[in-house]
Amino acid sequence: MTTVAIVARSMWSRAEGKFSILVLGLWVLVSLVSLVWTPQSLWATDGYQVWKAPSAQHWLGTDGTGADVLSWLMAGSHTNLLISLLAVLLAALLGLLLLTAMLASNQLLAAGTVVVVDALISLPTVLLALMLAVPLGPSIAVIVISCGIGYGLNLARIVRPQALLAAGSDYALSAKANGAGGWRIMLDHILPNVMPTMAVQLSLSAGTALLAESGLTYLGIGVPSGVPSWGHSLATSVKFIDVFPLTVLWPGLLVTMVVVALNVCGDLLRQAMDPVSNPELRKLAA
Amino acid sequence: MRFLFRRFLILVMTLLGLSLLIFVAVRILPGDLASVMAGLNAPPERVEALRSQLGLDRPLPDQYLTWMADLARGDFGRSLLTGRSVSVQVGDRAAVTFPLIGLGLLIAMVIGLPMGCLSLLASKPWVRSLVHVLAIVGGSMPALWGGLLLILLFSRGSGLLGIFPSQGFAQGGWSTPGKALWSLVLPALTLGLIIGASLMRYTRAALADMLGSGYMDMARACGMTRTHALLRVGLRLALPQLVSVLGLTFAEMITGAMVVENLFALPGLGSGLVSDLGNRDLIAVQSELFMLAAFFLLVGFLVDMIHRLADPRLKAAGEGGSGTSTRQVTA
């Protein structure tokens with residue numbers, strides 16, 4: 001059995017793991033379905049059908065333009081999935097790049113990267129987003145780039161101690177003695193060591209990216225109007241909270257549930273990928 | 001001392017780099033800055049007048065140096081919309097945002113620290129799980145949504161229990177401290193609950209790390225009970241780590257604060273910056289972005305210093321830089 005299968009099975013064996021895997025699976029499924037089908041057309045608005053209570057035709061009711069709330073939430077799930085994936089991908093790339101620089105044999109480059117990361121890390125993501133929003137305007141790119149940079153810096157800082165430990169280990173030394181270059185050692189010995197921590201951190205970051213999406217979209221520098229997203233659904237219902245409190249409930253509940261699933265997923269990955277707490281992994285290695 | 005000097009030098013250099021980035025970000029707009037600021041239908045003479053008034057007709061390096069020189073003299077420029085100087089405007093807004101964040105942080109600590117201890121030390125397993133679940137759910141809520149739920153529960157007008165105001169800051173500002181504080185309760189509670197939830201998880205994790213350490217064995221050997229040892233020895237040892245978390249949390253709270261300020265219609269730093277951006281008041285935006293960036297870098301610097309003071313082990317190790325980073329974004 002491969003490592004991935006063992007990790008997945010160990011997560012599935014826990015109740016919260018089942019919850020996490022089901023919610024995330026459903027998220028991906030709904031995103032794919034929404035690309036080709038939603039219960040009602042997004043643009044089927046009806047001035048006589050605004051703020052309707054849930055009915056057989058509109059399962060979650062309608063919004064202020066008479067559009068179907070459920071359809072917008074479904075369509076929003078693929079925008080959010082895209083944002084999460086891209087942000088995490090960017091964070092992983094940047095994190096690895098910084099990590100490589102931190103481990104470089106050039107002392108100046110290594111030490112320089114460490115201090116610059118330390119200084120930049122205190123800059124909040126939203127400030128980056130605001131800087132980007134000045135030239136770019138409200139766009140998905142603002143969310144993806146600001147989150148990617150913020151989480152990438154964070155990632156590099158978190159995995160650095162482990163990477164240093166691996167770089168100074170006997171097996172890295174032995175590989176070096178056998179003539180392996182810096183890149184070879186990075187790929188064969190350091191990456192596998194930092195992989196579990198990275199996976200955990202990226203899973204948490206995917207959740208944080210969703211929270212950033214709803215915040216930035218509400219501030220008017222995230223997802224542009226007209227593009228469906230959960231943050232967009234949440235932001236448009238805010239103004240009418242006095243009159244139609246129920247419509248506010250769904251998008252927030254959705255975001256919270258998915259973020260909980262991603263956080264739980266991160267926590268369980270930590271245990272499932274650790275050979276100390278997962279005996280099956282030890283068997284595989286032996 | 002050498003560490004302090006080096007860290008300070010990096011701070012200044014990062015700040016210079018950021019100022020350059022902000023300067024460029026404001027100027028790579030499609031179209032020219034003066035016409036964007038003057039608006040769509042402005043006559044050419046007005047655009048021209050604005051351009052020379054703001055010095056935008058001069059070469060870019062010249063503009064940058066002028067801006068930097070003004071900043072160094074404490075002149076942050078004037079808002080085009082209100083005509084007030086940016087530093088006065090920022091000062092007024094800070095008088096709302098900082099009390100908001102301070103109050104939020106206080107609530108977060110009052111909730112987070114004891115509950116974090118409880119989620120590790122409670123003798124009944126269901127109490128531990130319940131507290132842990134609360135922490136995870138609380139930290140996973142969008143700030144916007146958390147605020148909305150609080151409005152639905154407690155606000156005057158639309159809430160189930162009409163206790164607190166949910167829109168705007170007190171009319172008289174801080175000249176009526178009671179009213180001002182009262183209007184900050186719901187926003188601060190929104191921030192405090194969300195930050196408190198993540199603080200709870202950090203406290204739990206930091207204490208759990210301590211459980212297996214030799215310090216704890218020593219304390220137990222001296223006759224302390226497990227709980228006693230954790231609270232007396234473990235918490236003290238975990239303190240530097242928690243100070244780091246709080247410092248970075250403070251910086252990240254501005255994100256939550258921006259959303260919360262907008263939701264509760266408070267005239268704070270975050271909502272002000274966002275509305276300036278919406279109004280294309282770019283000279284103000286440029287200076288405000290720089291001030292905020294400088295502020296956060298300074299907080300990061302101070303946290304590093306406090307961390308070193310609170311943890312003699314770091315000083316002994318003589319290694320400047322990365323501890324375990326613990327940053328949580330709350331948007």
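1. A helix here is a run of at least four residues that DSSP assigns as H or I. With that in hand, take residues 180-200 of chain B: the span is 100% helix and 0% strand, and its end C-alpha atoms lie 29 Å apart. Please keep in mind as you read that this is a predicted model.

2. Where does that span come from? UniProt, in an unreviewed entry, lists residues 180-200 of chain B as a "transmembrane region", along with residues 100-121, 133-154, 242-269 and 289-306. Residues 289-306 of chain B are likewise worth a look: the chain there is 100% helix and 0% strand, with 26 Å between the end C-alpha atoms.

3. Now for chain B as a whole. Chain B holds 13 helices and 0 strands, and its pattern along the sequence reads α-α-α-α-α-α-α-α-α-α-α-α-α. Of its 331 residues, 41% count as buried. Among contacts in chain B with a separation of 6 or more, 67% join residues 24 or more positions apart.

4. Helix α7 of chain B makes a nice check on geometry. This helix covers residues 143-154, and its 12 residues should span 16 Å at 1.5 Å a residue; the end C-alpha atoms are indeed 16 Å apart, so expectation and model agree. The buried residues of α7(B) are A143(B), L144(B), W145(B), G146(B), G147(B), L148(B), L150(B) and I151(B).

5. How many residues of chain A are in contact with chain B? There are 47 in chain A, and they meet 50 residues of chain B. On the chain A side, at least two residues each come from α4 (107-120), α5 (125-136), α6 (140-167), α8, α9 (230-238) and α10 (245-272). By class, that side of chain A has 31 nonpolar, 12 polar and 4 charged residues.

6. One helix pair across the two chains deserves a closer look. The axes of α10(A) and α7(B) are 10 Å apart, and the helices pack at an angle of about 145°; their crossing is left-handed. From α10(A), the residues in this contact are P245(A), V248(A), G252(A), V255(A) and T256(A), and they meet W145(B), L148(B) and L152(B) of α7(B). Sorted by class, the residues of this contact are 6 nonpolar, 2 polar and no charged. W145(B) and L148(B) also appear among the buried residues of α7(B).

7. Within chain B, try helix α11 (residues 269-278) and helix α12 (residues 282-310). These two pack at an angle of about 145°, with their axes 8 Å apart, and the crossing is left-handed. On the α11(B) side the contact uses L273(B), D276(B) and L277(B), while α12(B) brings A284(B), V285(B) and E288(B). By class, this contact has 4 nonpolar, no polar and 2 charged residues.

8. Finally, a single residue to click on: L210(A), in helix α8 (residues 182-219) of chain A. Is L210(A) buried or exposed? L210(A) is buried, because 29 other C-beta atoms lie within 10 Å, and 20 or more is the cut-off for that label. Leaving out residues up to four places away in sequence, L210(A) touches N80(A), S84(A), V255(A), V258(A) and V259(A). V255(A) is also one of the α10(A) residues in the contact with α7(B). By contrast, V238(A) is 28 residues from L210(A) along the chain, and their C-alpha atoms are separated by 18 Å.

Technical notes: Residues are numbered from 1 along each chain as its sequence is written. Chains are lettered from A and ligands numbered from 1 in the order in which they are written. This is a predicted model: local features need pLDDT of at least 70, side-chain atom pairs count only at pLDDT 80 or more; totals for chains, interfaces and linings use all residues. UniProt positions are given in the numbering used here, feature names are shortened, and annotations may be inferred rather than shown by experiment. A residue is buried if 20 or more other C-beta atoms lie within 10 Å of its own, exposed if 12 or fewer, and partly exposed in between; C-beta atoms are placed from the backbone. Two residues are in contact if their C-beta atoms, placed from the backbone, lie within 7 Å. The expected span of a helix is 1.5 Å times one less than its number of residues. Ala, Val, Leu, Ile, Met, Phe, Trp, Tyr, Cys and Pro count as nonpolar, Asp, Glu, Lys and Arg as charged, and the others, Gly among them, as polar. Axes are lines fitted to C-alpha atoms, for helices over the stretch in contact, and angles run from 0 to 180 degrees between N-to-C directions. A crossing is left-handed if the near helix is turned anticlockwise from the far one by less than a right angle, and right-handed if clockwise.
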